[in-house]
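Work through the exercises below with the model open. Try each task before reading its solution.

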Amino acid sequence: RSVASLGTRTYTHMPLSLSLATLSLAFPLRAPPLPPRALVVASAASDDLSALGFRSAAEAAAEQRLRRSRAEEAAGGACAGPSGPASSVYLVGVGPGDVELLTVKALRLMRDADLVLYDRLISPEVLSMVGPQAAMLYVGKEAGLHTRPQEEIHRLLHLYAHAGKSVVRLKGGDPTVFGRGGEELEYLEARGVPVQIVPGITAASGIAAALRVPLTHRDYADSVRFVTGHARSENSAPVAERYRWEVLSDPSQTLVVYMGLSTLPQFADGLLQAGLDASTPAVAVQDGTTATQRVVAAPLGGLATAVEEASLASPTLVIIGRVVSLLREASAGELAAAAAADLQPRDALDSAAVASEAEAGAGRQQRQ
């Protein structure tokens, strides 16, 4: 089978050694050992041996590490992982969706990476910025469908780092704002893996800016609070019991709700029951900062109904507070039109580089 059929994606220019070294690590850790014929050897010259189950030394070593990790788990012991020095893992935030909101550091790491693990919310435009040599592994999650449990992602990052490769974990928004970056950081550092966090523009900042809605304003809000509407799977408490509603219902703050689409009716009701005025301005934004962005603005008391009627889908961010009264009705349409008219990501960046070089050249000529 091809590498793509095993849950990874490789580029044609990927070095042979990288493909061989990372292939077996991409198998789900809890899956039974694959038969020899499922192993993929990139070199055409080794096709016959591959069919017999032969593999390179790098593949064999990686597969052996995976076997030992499974054996330790089965024995109930702590997974100490492979020995030897580990390369750094980079937890990289790529912003809310607009490729031009990438940081320079994120772009550099993406272009230099050997291995990239990416989430569901990473846009195709952002993924197109990854260097052609990288091996890609999708580890996305959505409600009711996790391609890999979070614990398995932890172990994959651990194993990849000990393969001596440059490992980049791409996350939408900022990796430490409701992105499980803190959990991955703790797991890896406890096992001696160096971790670097590359912050990204979180959805609240990016989407509010795109709508021209300030998160704080001296006349409307003196603070901003981020909360998540999505509880851990083991949290069975009803929405009404999860929050300190008297704190969230402060009218002098801006409240931003991440991942709150499915619980919006209960969340809004909790705020209203705590005394927040039903006329408080609010807005829900699907696919913020992208060409497919959709915006539904309504008073808090009618927001859940308006969102349901508009059939908004995940990911949707909700902003509640008096600052939303500054939202201009035309801003959503203007943003969508501007995004649709933009150049392709690489072309846009390349054009900017050409323009910058042209300006520099003109400046040199003037000085001469």
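**Exercise 1: two arginines in loops**

At 43% relative accessibility, R212 is partly exposed (buried is under 20% relative accessible area, exposed over 50%, partly exposed in between; 1.4 Å probe, protein chains only). The model is predicted: local features need pLDDT of at least 70, side-chain atom pairs count only at pLDDT 80 or more, and totals for chains, interfaces and linings use all residues. Residues are numbered from 1 along each chain as its sequence is written, and side-chain values use heavy atoms, with hydrogens and water left out.

Task: Find the phi of R212 and its place.

Solution. Step one: phi is positive, about 60 degrees, although R212 is not a glycine. Step two: R212 sits in the loop between α8 (203-210) and β9 (223-228). Helices (H or I, at least four residues) and strands (E, at least two) are DSSP runs, numbered from the N terminus.

Task: Do likewise for R180.

Solution. R180, also not a glycine, has a positive phi of about 65 degrees. Its loop joins β7 (167-171) and α7 (181-190). With a relative accessible area of 33%, R180 is partly exposed.

**Exercise 2: a helix pair**

Task: How do α10 and α11 pack?

Solution. Step one: α10 (264-273) and α11 (300-310) pack at about 175 degrees, axes 9 Å apart. Step two: α10 is therefore roughly antiparallel to α11 (angle over 145 degrees). Step three: L264, P265, A268, L271 and L272 of α10 meet L300, G301, L303, A304 and V307 of α11, contact meaning heavy atoms within 4.5 Å.

**Exercise 3: a peptide bond**

Task: Is the bond from S314 to P315 cis or trans?

Solution. The bond is cis, with omega near 0 degrees. P315 lies in the loop between α11 and β13 (316-320).

Conventions: Axes fitted to C-alpha atoms, helices over the stretch in contact; angles between N-to-C directions. Parallel < 35°, antiparallel > 145°, perpendicular 65-115°, else oblique.
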